[in-house]
Amino acid sequence: MSTDENESELSHSVLQEDDYYAFFNLDREATPDEINNAYRRFSRIYHPDKHTNPSEKTEAEMLFSKTKKVYEVLSDPHKRAIYDSVGVQGLETEGWEIVQRTKTPQEIREEYERLARERNERRLHQRTHPRGTLTVNINATDIFTEYEEFYDELDAEGWTLPVIEVSGMSLSQSIEVPLTLKDTATLSGSLSTHNGTGSGTFNLATRRLLSSKTSLECSCFAGNGPGLGLKGFRRITQYAFATCDAQLHLTSTGLKAGLESVLGYQLSSSTIGYFTWRAGMMSSMSTSVVKNMPNYSTGFNVYIAMPNSYAMLHYSRKMLKDELKLKFVLKIGTLGSYFEYGVEKKVTEHTRLTAAVGCGYPSGIVLKVKIIRASQIYSFPIHLCEDLAGAPLFYATVTPLVVYLVVKKLIIDPIVRDQKSRDIERQRELNKTRLAEKRREAKAAVNLMQATFSRIRSEEEKKKGLVIIKAFFGKAVSLSAPDLDLSEDVIDVTVPLQCLVKDSKLVLHDSSK
């Protein structure tokens, strides 16, 4: 089955919701008076006090509760606008209390989509609360060795497969635990190894909100010796804030101190500037400006330290409704220069795939592959060549694209189709259950309408008004058949239609059941 067919079938199997206008037999443009009259009419039919039989009383309580629920929505202009725009699911979405009651239906739909996204993000954050990063450094320079060296080895020893090795690996993980409304504990750790040499750190921190503008964080850590840290945050004005982080670290060479201060200022609604100063263990100074727009983001950073100082410019552009993002980075410094270009693709709702090619001097050519799954990041930098050369640059650019297309065709697309098929089947089962519930509800309603049916029919007969002899809904049937066997596709609607007769008139709408 093709993707389009799957999507079409899924759209036809969406969970069926209650139609409040059909329940009251009203047009969607019904006036408040018509809604009030419908509520009074159905309240008289379904009110539990009208029925003495225990089973009927239970059915009446269920239908009377639904009558009140429908009236509560349709009589409230704000709730009615939400229901008209996005249905029952809009009424069940958190956050509508902050929405202005004067919004248009289109604005309400946009607000619902925003609130739904926020709800999904909150749920995703709860499911994937631990944040982590895994980086695997791969050395593949042997693939693109110089041809002269290749032929020398071939003559001397015979051809051998190129060696691809894992030169380093790092892993970091953190989790936040709310202690009180103002206190949060953070537990984090990291391990790294490079060419057989490894190190690790462990950090435990508690952050307390002193006020709406100030917070204080205390931490203790271990890694090449124990240490203590104290970090403060303060919002100075509406547009400016500052942080100060002080650390004491006891190492094998003695006690070391470090201080980092950051001053941030919001230059405009989309632009923020930062000034950072570090002293002690890693003395440096940097300034950066970051601008985030709906379709693109850009930033400029200047870093000054000994012996490494550099200036860096980055730019990213969103395309295809945030499905695709192009990224560019240019870095020029005292220890060399570097240029990177890449693309980020949204694979699933919570998964993004990034492939970037970096080339520079003296770093050479590096292919960076990154998978971002919720708050987990898996990074694979692959060092292809120590020099700038055309062949590794070409293959680093083309190979990820070819691999992605093959994987998408053979793995991702079948998984997505299978998931959609399961969603369709699940919706079908839910609709079957909902349909069975509605059938039971309809039978209960018809049973409770008997007294009203008899009264209205008697009144209409006396004044020679509208008396419904027989009425069916469904496939065409012969009313002259002596023994009519009604299937599930044909429903006898004589009783409910007669109950809708008022002043010898029967009014039906597009939303009528």
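The protein chain has an average pLDDT of 83, and 82% of the residues score at least 70. The model is predicted. Two stretches fall lower. Residues 1-15 have a pLDDT below 50, and this stretch makes 24 contacts in the model beyond near neighbours in sequence. Residues 95-102 also have a pLDDT below 50. There, 15 contacts beyond near neighbours in sequence are present in the model. Where pLDDT is low, predicted coordinates should not be read in detail.

Attention turns to Ala246. This residue lies in strand β7, which spans residues 240-251. Its relative accessible area is 34%. Ala246 is therefore partly exposed, as the value lies between the 20% limit for buried and the 50% limit for exposed residues. Neighbours within four places in sequence aside, Ala246 contacts Leu228, Gly229 and Leu230. Gly258 and Leu259 are also in contact with Ala246. Ala279 is 33 residues from Ala246 along the chain. The C-alpha atoms of Ala246 and Ala279 are 9.7 Å apart.

A nonpolar surface patch of about 890 Å² was also identified. The residues that make this patch are Phe394, Tyr395, Val398, Val402, Val403, Val406, Val407, Leu410, Ile411 and Ile415. Val402, one of the patch residues, is found in helix α9. Helix α9 covers residues 390-448. The relative accessible area of Val402 is 44%. Val402 is partly exposed because this value falls between 20% and 50%. The 44% of Val402 is also over the 30% required of patch residues.

How values were computed:
Residues numbered from 1 in each chain as written. Predicted model: local features only at pLDDT ≥ 70, side-chain atom pairs only at ≥ 80, totals over all residues. Heavy atoms only, no water. Helix = DSSP H or I, 4+ residues; strand = E, 2+ residues; numbered from the N terminus. Buried < 20%, exposed > 50% of the residue type's maximum accessible area, 1.4 Å probe, protein only. Contact = heavy atoms within 4.5 Å. pLDDT = per-residue confidence, 0-100. Patch = residues over 30% accessible without salt bridge, like charges linked within 9 Å, V, L, I, M, F, W, Y side chains within 5 Å. Areas by Shrake-Rupley, 256 points an atom, 1.4 Å probe, with all protein chains shown as cover. Salt bridge = Lys/Arg side-chain N within 4 Å of Asp/Glu carboxyl O.
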